[in-house]
Amino acid sequence: LSRSAYERVTGHSPALRSARSTPRLRAMLVGYLILTLAVGWRLLDLQVLSADGYREMARRQTERALALPAERGKLYDRTGEPLAVSLPTATIVANPRQIAKAGTKADPASIAAQLAHLLRTNAAELEAKLRQDKGFVYLARQQSADVGERVAERNLFGVGVLDEPRRSYPAGSLASQIVGFAGVDHKGLSGLERQYDTLLAGLPGRMVEQRAPTGLEISSAPRVGEQPVAGTDLVLTIDREIQATTERLLAQARKVHRADGATGVVIDIETGEILAMASMPTYHPKAIGVASGY
């Protein structure tokens, strides 16, 4: 259209229309500029200013560090007979928060009932543990390998089986006051087990595994960590046969003389090595504080 025709049709001149659209265009440009700056600032905050915080948050949500227990050193008598060793056992653990987030997919009562049958324990106590607001709880520690296998076969949601060593004393109460004992956490609490705990304990390892936010393990993700270092074995000057004879004679002497206790030490006078050392009454490491009956 010609300029005169456009004015007759629209009632406005092109110059007036252009003048009116300019403020509106400017407002739109300003709005886009503000939006662009806001998005840019947010990206800057996420990728630069707060990157470390978000990275740490993501790591906590997807990674879990597992302690790998070191094999505790063994104790032998002078002839190489074992006095204290560590045996593999199964420890049953659970992630209550993962179970809670699963909703109807995982019922704590049902899980507890199945575990109670396998672990021969109270279902109500297990259910209480499964309802705690925690990411990790022990359900049963140092169970037999058969129990661990049966629990693993059930494939219960949020429940896992870990390998955990248990201290065992093949000689029973023999030289128990010398050897001492280690607790459920594999830490020496008495005797040589305590005195040389640092040497026997070794260095625990560490493994980091990745999990989805729902708790599902990402099997394809790389696992990094450090391998445990086994503890050092100790060979004592104690002779198992001489130790057994000494304990037997002390027990007899205590009975004959009706004494409250009896103590004896056998020493090699040429080297000064202690071949046997005992006190009666004694105890069995499996029944700490209970007299052996002497």
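Tutor: A residue counts as buried when its relative accessible area is under 20%, as exposed when it is over 50%, and as partly exposed in between. The model discussed here is predicted.

Student: Is Gln142 buried or exposed?

Tutor: Gln142 belongs to strand β4, which covers residues 137-143. Its relative accessibility is 13%. The limit for burial is under 20%, so Gln142 is classed as buried.

Student: What is the phi of Gln142?

Tutor: Gln142 is not a glycine. Its phi is nevertheless positive, at about 55 degrees.

Student: Asn155 also has a positive phi without being a glycine. Is Asn155 buried or exposed?

Tutor: Asn155 is placed in the loop between α7 (145-154) and β5 (159-168), and its phi is near 50 degrees. An exposed residue must have over 50% relative accessible area. Asn155 has 67% relative accessibility, so it is exposed.

Student: How many helices and strands are there in the protein?

Tutor: The chain has 294 residues, of which 32% count as buried. Its secondary structure consists of eleven helices and 14 strands.

Student: Among contacts between residues at least 6 apart in sequence, what percentage join residues at least 24 apart?

Tutor: One pair illustrates such a separation: Val93 and Val159 are 66 residues apart along the chain, while their C-alpha atoms are separated by 5.8 Å. For the protein, the share of these contacts that join residues at least 24 apart is 66%.

Student: Is Val93 buried or exposed, and why?

Tutor: Val93 lies in strand β3. Leaving aside neighbours within four places in sequence, its contacts include Phe136, Tyr138, Leu139, Val159 and Leu162. Because its relative accessible area is 7%, a value that must be under 20% for burial, Val93 is buried.

Student: Which element gives the largest share of the largest nonpolar core?

Tutor: In soluble globular proteins, nonpolar side chains tend to be buried together. The largest nonpolar core here has 20 residues, and those with the most contacts inside it are Ile111, Leu115, Leu119, Leu139, Val151 and Val159. Two or more residues come from each of β3 (82-94), α5 (108-119), α6 (123-130), β4 and α7. The largest share, six residues, comes from α5.

Student: How many residues are in the second, separate core?

Tutor: The second core is separate and includes Ala84, Val179, Leu192 and Tyr283. Its number of residues is 17.

Student: Which side chain makes a polar contact with the side chain of Arg72?

Tutor: Arg72 is in the loop between β1 (63-68) and β2 (75-76), and at 1% relative accessibility it counts as buried. A polar atom of its side chain lies 3.0 Å from the backbone oxygen of His186. The side-chain partner, at 3.0 Å, is Asp197.

Student: What is the volume of the largest cavity?

Tutor: The structure holds one cavity of 30 Å³ or more. The largest cavity has a volume of about 40 Å³.

Student: Which element supplies the largest share of the lining of the largest cavity?

Tutor: Among the lining residues are Ser176, Gln243, Met277, Met280 and Thr282. At least two lining residues come from each of α8 (176-179), α11 (240-256) and β12 (274-280). The largest share, four residues, comes from β12.

Student: How many charged residues are in this lining?

Tutor: The lining has five nonpolar and five polar residues. The number of charged residues in it is one.

Student: Which residue has a side chain joined to that of Thr282 by a polar contact?

Tutor: Thr282 lines the largest cavity and is found in the loop between β12 and β13. With 5% relative accessibility, Thr282 counts as buried. The polar contact is 3.0 Å, and the partner is Ser176.

Student: Which residue is joined to Pro281 by a cis peptide bond?

Tutor: Pro281 is in the loop between β12 and β13 (283-284). The omega of the cis bond is about 0 degrees, and the residue joined to Pro281 is Met280.

Methods
Residues numbered from 1 in each chain as written. Predicted model: local features only at pLDDT ≥ 70, side-chain atom pairs only at ≥ 80, totals over all residues. Heavy atoms only, no water. 1 Å grid on protein atoms, 1.4 Å probe; cavity = no way out; pocket = protein on both sides within 12 Å on 5 of 7 lines; lining within 4 Å. Points joined across faces, edges and corners; volume = space filled by probe spheres on them. Nonpolar A, V, L, I, M, F, W, Y, C, P; charged D, E, K, R; others polar. Buried < 20%, exposed > 50% of the residue type's maximum accessible area, 1.4 Å probe, protein only. Core = buried A, V, L, I, M, F, W, Y, C linked by side-chain atoms within 4.5 Å. Polar contact = N/O pair within 3.5 Å; in protein donor to acceptor, adjacent residues only side chain to side chain. Contact = heavy atoms within 4.5 Å.
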